[in-house]
Amino acid sequence: MPYRPARENRRDTRYSAANRGYGRRWRVARLHWLRRHPLCVMCGQKGLTVAAEVVDHIRPHKGDRVLFWDAGNWQSLCKRCHDAKTRRETSTGG
């Protein structure tokens, strides 16, 4: 059996983005959110002005559809801040 990196194996077992809730409805909601909240929240806390690219779930929804669609649980982040937050949550089981 050929060697496959762990990351690739993990992706093979994940549901598709659409199956996880990130389909057309999410893409539309994300666009509207980013138009109203165009700056990265975390960068803003550091006094920086950086365009947001990601609508982040503040508390990971872990498949909870109510929490997924709760806009009170959303924040705008740049990709760098989102990736760092996701790494921290993954390493701590958050």
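On the side of helix α2 away from its buried residues, Arg-24 and Arg-35 are exposed. The structure described here is a predicted model. In α2, the buried residues are Trp-26, Ala-29, Trp-33 and Leu-34. Viewed down the helix axis, these buried residues fall within an arc of 130 degrees, so they line one face of α2. The elements covering them include β1 (54–57), α4 (65–69) and β2 (74–77). The helix itself has 13 residues, and the distance from its first C-alpha to its last is 19 Å, close to the 18 Å expected at 1.5 Å a residue.

The protein chain as a whole contains five helices and two strands. Along the sequence, these elements follow the pattern α-α-α-β-α-β-α. Of the 94 residues of the chain, 28% count as buried. Contacts between residues at least 6 apart in sequence were also examined, and 55% of them join residues at least 24 apart.

In soluble globular proteins, nonpolar side chains tend to be buried together. In this model, the largest nonpolar core consists of eight residues: Trp-26, Ala-29, Trp-33, Leu-34, Ala-52, Val-55, Phe-68 and Trp-74. Helix α2 (residues 24–36) gives the most to this core, contributing four residues. A second core, separate from the largest one, has six residues, among them Met-42, Cys-43, Leu-77 and Cys-81.

Within the largest core, the surroundings of Trp-74 were examined further. With residues up to four places away in sequence left out, Trp-74 touches Trp-26, Ala-29 and Trp-33, as well as Val-55, Asp-56, His-57, Ile-58, Phe-68 and Trp-69. The preceding position, Asn-73, is placed in the loop between α4 and β2. Asn-73 has a relative accessible area of 5% and is therefore buried. By the same sequence exclusion, Asn-73 touches Asp-56, His-57, Ile-58, Arg-59 and Leu-67. Asp-56, His-57 and Ile-58 thus appear among the contacts of Asn-73 and among those of Trp-74.

Arg-30 also belongs to helix α2. Its relative accessibility is 28%, so Arg-30 counts as partly exposed. Leaving out residues up to four places away in sequence, Arg-30 touches Glu-53 and Val-55. A polar atom of the Arg-30 side chain lies 2.6 Å from the backbone oxygen of Glu-53. Val-55, the other residue touched by Arg-30, is a member of the largest nonpolar core. Arg-30 and Ser-76 are 46 residues apart along the chain, and their C-alpha atoms are separated by 9.4 Å.

The cysteines were considered separately. A disulfide is a covalent bond between the sulfur atoms of two cysteines. Zero disulfides are found in a search of the whole structure. For Cys-43, the closest cysteine sulfur is that of Cys-40, at 3.7 Å, which is too far for a bond. For Cys-81, the closest cysteine sulfur is that of Cys-78, at 3.6 Å, again too far for a bond. Both distances can be set against the cut-off of 2.5 Å within which a pair of cysteine sulfur atoms counts as a disulfide. Cys-43 counts as buried because its relative accessibility is 7%, and Cys-81 counts as buried because its relative accessibility is 8%. Cys-43 and Cys-81 are both included in the second nonpolar core.

How values were computed. Residues numbered from 1 in each chain as written. Predicted model: local features only at pLDDT ≥ 70, side-chain atom pairs only at ≥ 80, totals over all residues. Heavy atoms only, no water. Core = buried A, V, L, I, M, F, W, Y, C linked by side-chain atoms within 4.5 Å. Buried < 20%, exposed > 50% of the residue type's maximum accessible area, 1.4 Å probe, protein only. Contact = heavy atoms within 4.5 Å. Polar contact = N/O pair within 3.5 Å; in protein donor to acceptor, adjacent residues only side chain to side chain. Expected span 1.5 Å × (residues − 1). Arc of directions from axis to C-beta.
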